[in-house]
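Let's take a walk through this one together, starting from a single side chain and working outwards. Have a look at the model before reading on.

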Amino acid sequence: MPLIVFINLIIHLFEGMNWLELVRLIPPAVIAGFAFVQWRTSRTNLRLGIYQRRFQIYESFLMFYQILTAGEVTEESQYKAIHRKFIAAKQEAKYLFGKNNKIYEYLEKVHIKSFHIKGFHDQALHGTLTNEQKAELHKNVLANLQELQHIHEQIEHLLEKYLDFSEIQ
């Protein structure tokens, strides 16, 4: 029944028009339809691109976090490559998550903690330390790793809204 009502409405709307005038309306309507589809596709592609870049930041953070917490920071070439990728991701996060975003602040804290942890590991490996100094160093590493764990949890929580694919912003 609603289809019949709609057809009657269209017939009454165009009742006084010449068929030639109706045919002239078709190309602009088709062009408008194509423009709408193109706009929607572009918008979806932009949102997908932003999502992918945000996910790359998350991946860089996870790789850096894992190498710091696994104690693999002594493998210099691998550490440097992952560290550089993390730095680039951290800087990109400054602009990709909007103004006043806590994600960048937490990534900056991870970066600072990484120097402490890496320094402690290097000192333990290459320094000549007494047992007391090694114990103090170990205590400092554990404290920094605990802080890093807390920061990791905060970043995970903040990224939830950005990495839920069904809610791409």
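Leaving aside its neighbours within four places in sequence, which residues is His83 in contact with? They are Phe64, His111, Ser114 and Phe115. Keep in mind that this is a predicted model. His83 itself has its place in helix 3, residues 76–96. Buried or exposed, then? His83 counts as buried, because its relative accessibility is 11%, and the cut-off for buried is under 20%. One of its partners deserves a closer look: the side chains of His83 and His111 make a polar contact at 2.9 Å.

Now zoom out. The chain has five helices and zero strands, so reading from the N terminus you simply get α-α-α-α-α. Of its 169 residues, 27% count as buried. About 11900 Å² of the chain is exposed, with carbon and sulfur atoms supplying 61% of that. Among contacts with a separation of 6 or more, 69% are between residues 24 or more positions apart.

On to the inside. In soluble globular proteins, nonpolar side chains tend to be buried together. Here the largest nonpolar core has 26 residues, and Phe61, Phe64, Phe97, Leu107, Val110 and Ile155 have the most contacts inside it. Helix 2 (19–69), helix 3, helix 4 (102–126) and helix 5 (131–163) each give two or more residues to this core, and helix 2 gives the most, with eight. Phe64, met earlier as a contact of His83, is on that list of best-connected core residues.

Leu107 is another good place to stop. Setting aside neighbours within four places in sequence, Leu107 is in contact with Ile57, Phe61, Phe86, Lys90, Ala93 and Ile155.

Definitions and conventions:
Residues are numbered from 1 along each chain as its sequence is written. This is a predicted model: local features need pLDDT of at least 70, side-chain atom pairs count only at pLDDT 80 or more; totals for chains, interfaces and linings use all residues. Side-chain values use heavy atoms; hydrogens and water are left out. Helices (H or I, at least four residues) and strands (E, at least two) are DSSP runs, numbered from the N terminus. Buried means under 20% relative accessible area, exposed over 50%, partly exposed in between (1.4 Å probe, protein chains only). Contact means heavy atoms within 4.5 Å. Accessible areas come from the Shrake-Rupley method with a 1.4 Å probe; for residues, only the protein chains shown count as cover. A polar contact is a pair of N or O atoms within 3.5 Å; within protein, one must be able to donate a hydrogen and the other to accept it, and residues adjacent in sequence count only if both atoms are side-chain atoms. A nonpolar core is a set of buried Ala, Val, Leu, Ile, Met, Phe, Trp, Tyr and Cys residues joined through side-chain atoms within 4.5 Å.
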